[in-house]
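Visitor: Could you take me through one part of this protein in close-up? I would like to see how two packed helices meet, and then how that part sits in the whole.

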Amino acid sequence: MNTKIFQIKLKQEILRHLKYSLGKDQGHSTPYDWRMALSLAMRDMVVDPWFDSTRKTYEANAKRVYYLSMEFLIGRLIEDVAINLGFEDVARETMRELGQDYSRIVANEPDAALGNGGLGRLAACFLDSLSTLGIPAYGYGIRYEHGLFEQHFENGQQIETAEGWLAQRNVWEFERPEVSYPIGFGGHVSESDGRTVWHPAETVRAQAYDAPTLGWQAKWCNTLRLWAAKPTRKFDLESFNRGDFLGASAPEALARTISRVLYPDDTTEIGKELRLKQEYFFTSASIQDLIRRFLSTNDDLRNLPDKAAIQLNDTHPAIAGPELIRLLTDVHDIEIFEAIDITRKCLGYTNHTLLPEALERWPEHLFARILPRHYRIIEIIQDQHLKETGSNIRIIDHGNVNMGELAFIMAHHVNGVSALHTELVKETVFGDLHKVYPKRIVNETNGITPRRWLYSCNKPLRELINSTIGTKWPDNLERLKRLAKHADDASFQGEFRAAKRQNKERLISWLNERNGVTFNPDAMLDVQVKRIHEYKRQLMNLLETIAYWNEIKENPTKDWTPRVKVFGGKAAPGYEVAKQIIHLINDVAKVINNDPVTKDYLQIIFPPNYNVSMAEILIPASDLSEQISTAGKEASGTGNMKFALNGALTIGTLDGANVEIREHVGAENFFLFGLTASEVVERRNEPDYARRAIEASPRLYRVLNQIASGVFSPEETHRYGSIVQMMYESDYFLVTCDFDSYFDTQRKVDEAYKDTKLWTKMAILNTANVGWFSSDRTIKGYAKDIWHTKSLY
Ligand code: 6GP
């Protein structure tokens, strides 16, 4: 369609929705109304590609991927949809004609935060790639009423408040009252006529809400189906009539609890009954749904593995194994061992962490009480596994039901998320099972969608790339390699820097408007954004910042490289040390930012409430990416990929996907420091390693003394005594051991930044060489190695 005609049509559609869907007239419309009208007009355009994709999948009776994930960290969608439809400019221009600022309209959309961090954002990138590649797929998850909490700072401390994205209508979803399944909990199991029957004590309904997920250039569109919990019995009229108004609503309130909140845990597990119910709730609904879909066009469930690849995003949906077996045997009369076999052929399991506290284990009594039938099925799976393999690895062990072992034993493939992580999975958490099933573990290194993480969030760089190598790179990211030959070219370098500058200015005005903060755009923007966790070592970054501050103060006239240190991230509400680290960062910022001697060289900014939308503004503006986890602890990382793609250089350890990023961009374009994963393990065995490291480092010793003596907390001098003590006495994550190497490498970073040409060249080579980290490549890997699915176009 000609652009002008398209613009006229879009305008008509927006005005039609404003009037007929929202009941508003133009003169009295708020930004919310405009956003809704624009989104509805866009959503209409998604429906045809969506129907086409569904029709083609049915016609081909194709195998579908079912991606089961407790989390989808989606972020805003308007721009995503506009970009995939190819009418971003038209939308902007149309809104301008209507007297509206497109950017403000876009920013009016709540950030859908149905996830905590890496695992949830990966799921969102995967949906984007599955659609871009034309692979028929469903994402299945929970439609939480409240996503990840909002973070505020009060006197430097994290305060959490409930997030409320559904307070406004979710414009992208279609409610499906007709698609709903009963989900049982508790009760007992009986045998009659050779059949096993589960009699749940409590039942809720899972109701579907569908959101189309459009791929690049709208060639394909899959579905994200999220389940909301509803009561089976709506309202207790009898209680109401008796005057018990609260009691009358109790069934509804109780049922809704299940999909009420996203657990704000990131890699740590909490032993809550509700969490187990959430997991079973969405898994059971998804499995019932995919069986129904299969049976609508096929008749023998023995062929399910030819039509359904079910991927478990970590162990949260691991109950899928027993649930599918239950439905195959109890409902569809398939003999149990055959059911186990069919189920295993359907399931794949992705492990996302080695942290022991994150491996899900349920107390046996709790599990058996909530899911009595599944408990029995797990016993059968375990017996079969023990008999057939001679292994002594049990699923039910020491009073716990181990979801990792269950997922491993019930999956045909288990994958890690980076090369190093996969090797560690084989050696550590699943070492014994790997010996028994040596072909089961494979690697699929994570990736990110270049549509959101470059094309959409970094328009200045996008335009430069388009004008240099053409426009075919967003779904073929390795084409960015063609930029490499311009890395030394002075004029290209100038434009590359100009793009970075524009992004920094956008960040400055955003920060200024939101937090009243500005910074010097010539300074190096050094950014660490991710969940706050000891293993990610925000604390080491902060200690280094203090050491740098000390150094500047001692010699204020030297030509220091000005730096702006940005921190962003949330701590799990129950994670005390992480919350103390946040408090300390804010306390240190207060002192350093007010120091007249160092203010031209060093500034700390910690904008509250880091989320996907903030990442989209911060990452394109960054010069330096902090990927400094203790080696062996970060399974992959995906932020590391986003920064490199946007032309930031990395300072990092040999951990997770850093290892592969460094291989791709070249060791000379990456600032490496620190112990390796095996050195970390060795060092931990040395007595008193932390104290010795501190004693050997006068810089670190001084910084810890400053903290301990209350330099940053004069109103409460002992506030951080326990953190300092921890550094001396335990320091499990080896901050002390890596500190000097980190500090020295940071000084190399300073020197490199002074050499503008060299820095720009390194930055260009980062962008040029990380095309491999597109989630399209990752999804092709899953499709080939694990799912055996094909693109349908
Ligand atoms: C994260 C890992 O910590 C991160 O390294 C990885 O990039 C990401 O998953 C995607 O694979 N893990 C989680 O967020 C988590 O909750 C249970 O693991």
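Guide: Happy to; here is a close look at one helix pair, followed by the modified lysine and the overall fold. Please keep in mind that this is a predicted model.

Let's start with helix 19, residues 459-469, and helix 20, residues 490-515. Their axes lie 8 Å apart and make an angle of about 155°. Because angles over 145 degrees count as roughly antiparallel, helix 19 is roughly antiparallel to helix 20. On the helix 19 side, the contact is made by Pro460, Leu461, Leu464 and Thr468. Helix 20 contributes Phe492, Glu495, Phe496, Ala499, Gln502 and Asn503. Sorted by class, this contact has 6 nonpolar residues, 3 polar ones and 1 charged.

Now to Lys642, which an unreviewed UniProt entry lists as a modified residue, N6-(pyridoxal phosphate)lysine. Lys642 belongs to helix 24, which covers residues 639-645. It counts as buried because it has 30 C-beta neighbours inside 10 Å, where 20 or more are needed. Leaving aside residues up to four places away in sequence, Lys642 touches Ile448, Trp453 and Ile619.

Stepping back, the protein has 32 helices and 24 strands. Its radius of gyration is 27 Å, close to the 28 Å that the globule rule gives for 793 residues, so the protein is as compact as a globular protein of that length. Along the principal axes, the C-alpha atoms fill a box of roughly 90 × 70 × 60 Å. Of the 793 residues, 51% count as buried. Among contacts between residues at least 6 apart in sequence, 76% join residues at least 24 apart.

Definitions and conventions
Residues numbered from 1 in each chain as written. Predicted model: local features only at pLDDT ≥ 70, side-chain atom pairs only at ≥ 80, totals over all residues. UniProt positions renumbered as here; feature names shortened; annotations may be inferred. Helix = DSSP H or I, 4+ residues; strand = E, 2+ residues; numbered from the N terminus. Buried ≥ 20, exposed ≤ 12 C-beta atoms within 10 Å, placed from the backbone. Contact = placed C-beta atoms within 7 Å. Axes fitted to C-alpha atoms, helices over the stretch in contact; angles between N-to-C directions. Parallel < 35°, antiparallel > 145°, perpendicular 65-115°, else oblique. Nonpolar A, V, L, I, M, F, W, Y, C, P; charged D, E, K, R; others polar. Rg over C-alpha atoms; globule rule 2.2 N^0.38 Å.
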